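Thanks, everyone. I will go through one structure today, starting from a single residue and moving outward to the strands and the rings.

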Amino acid sequence: QHKCIRCEKTEPHSGTAEECDICRNGIYYNYSTATHTFEKKAIPIGTKILSDFDGNYTLSGGWYLVHGDVTAAGRITCTGDVHLILENGCNFTATNGIALNESVSLSVFAQSFDAEEMGKLTVPYSPQVCAGIGSNQNITCGNISIHGGVITATGGNSAAGIGSGYKGFCGNISVYGGIITATGSSYAAGIGSGSDGSCGNISV
């Protein structure tokens with residue numbers, strides 16, 4: 001059973017629209033590689049609501065639900081494995097990108113398959129030699145999995161939009177769903193490795 005992280009109900013419930021009259025925010029869609037289908041999942045208890053950063057651009061490991069319009073002015077650093085759920089209608093702008101520390105992985109989920117409804121994650125710019133979403137220069141990050149959302153990511157000079165930075169390394173990159181626009185710069189892939197870098201398997 002699941003306790004909705006958003007509504008005022010105290011009894012456990014699944015968090016679906018049928019059982020929670022506040023929201024659909026109790027669910028997300030996860031692509032199962034075992035069944036090759038999207039499965040509706042309940043958001044785990046303890047998920048943090050991400051509505052602003054207050055000058056701290058560090059995400060420790062765990063689950064986050066992006067709510068509303070959120071802008072991070074600094075480069076976000078993930079210090080542990082992060083599971084990011086884009087709430088329907090949210091607009092999450094990571095102005096200077098999302099960096100994954102050594103061996104850290106990132107998974108991104110959505111609450112809908114509708115392009116007009118899905119949450120958005122936008123990386124308009126990334127610092128020199130740093131991936132839009134992925135590793136910084138000379139850093140080896142973990143896997144990146146995208147299960148949904150409208151995601152736009154631009155890498156810095158010689159870095160991938162999604163993947164590794166210049167002379168950096170990235171684990172496997174799996175895109176199961178969503179609408180993805182990724183742009184690399186100066187001999188770097190849109191999705192994959194930066195210049196003089198490498199990444200694991202890429203599946204789209």
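**Starting from S135**

S135 touches R75, L100, C130, C141, G163, S164, G165, G168 and F169, leaving aside residues up to four places away in sequence. Before I go on, please keep in mind that this is a predicted model.

Where does S135 lie? S135 sits in the loop between β13, residues 133-134, and β14, residues 144-146. Is S135 buried or exposed? Its relative accessible area is 0%, so S135 is buried. The side chain of S135 also reaches the backbone oxygen of I139, at 3.4 Å.

Now the strand β13 itself. β13 is joined to β10, residues 98-100, by two bridges, and the two strands run parallel. One residue pair to look at is A99, whose bridge partner in β13 is G134. Both strands belong to an open sheet of six strands, with parallel pairing and the order β4-β7-β10-β13-β16-β20. Which strands are at the edges? They are β4, residues 58-59, and β20, residues 191-192, and each of these pairs on one side only.

Next, β12, residues 120-123. As a reminder, side chains in a regular strand alternate between the two faces of the sheet. In β12, L121 and V123 point to one face and are buried, while K120 and T122 point to the other and are not. β12 pairs with β9, residues 91-94, in the parallel sense over three bridges, and here N91 stands opposite K120. β12 also pairs with β15, residues 150-154, again in the parallel sense, over four bridges. In that pairing, V123 stands opposite A153.

Two glycines in loops come next. G89 is in the loop between β8, residues 82-86, and β9. With residues up to four places away in sequence not counted, G89 touches E117, M118 and G119. G89 and G68 are 21 residues apart in sequence, and their C-alpha atoms are 6.9 Å apart in space. The other glycine, G46, is in the loop between β2, residues 37-42, and β3, residues 48-50. Is G46 buried or exposed? G46 counts as exposed, at 57% relative accessibility. From G46 to G62 the C-alpha separation is 8.8 Å, with their positions 16 residues apart along the chain.

Last, the aromatic rings. How many aromatic pairs are there? The count comes to nine. Take Y28 and F109: the ring centres are 4.9 Å apart and the planes are at 65 degrees, so this pair is edge-to-face. Y28 lies in β1, residues 27-32, and F109 in β11, residues 106-110, so the pair ties together parts that are 81 residues apart in sequence. Both residues are buried: Y28 has a relative accessible area of 7%, and F109 has one of 3%.

F38 and F113 make another pair, with centres 5.1 Å apart and planes at 65 degrees, so this pair is edge-to-face as well. Why does this pair tie together parts 75 residues apart in sequence? Because F38 lies in strand β2 and F113 lies in the loop between β11 and β12. F38 counts as partly exposed, at 28% relative accessibility. Ring pairs link F38 and F113 with Y29, Y31 and Y176 into a cluster.

That is where I will stop.

How values were computed
Residues numbered from 1 in each chain as written. Predicted model: local features only at pLDDT ≥ 70, side-chain atom pairs only at ≥ 80, totals over all residues. Heavy atoms only, no water. Buried < 20%, exposed > 50% of the residue type's maximum accessible area, 1.4 Å probe, protein only. Polar contact = N/O pair within 3.5 Å; in protein donor to acceptor, adjacent residues only side chain to side chain. Contact = heavy atoms within 4.5 Å. Pairing = 2+ DSSP bridges. Phe/Tyr/Trp six-rings, centres within 6.5 Å; stacked < 30°, edge-to-face > 60°.
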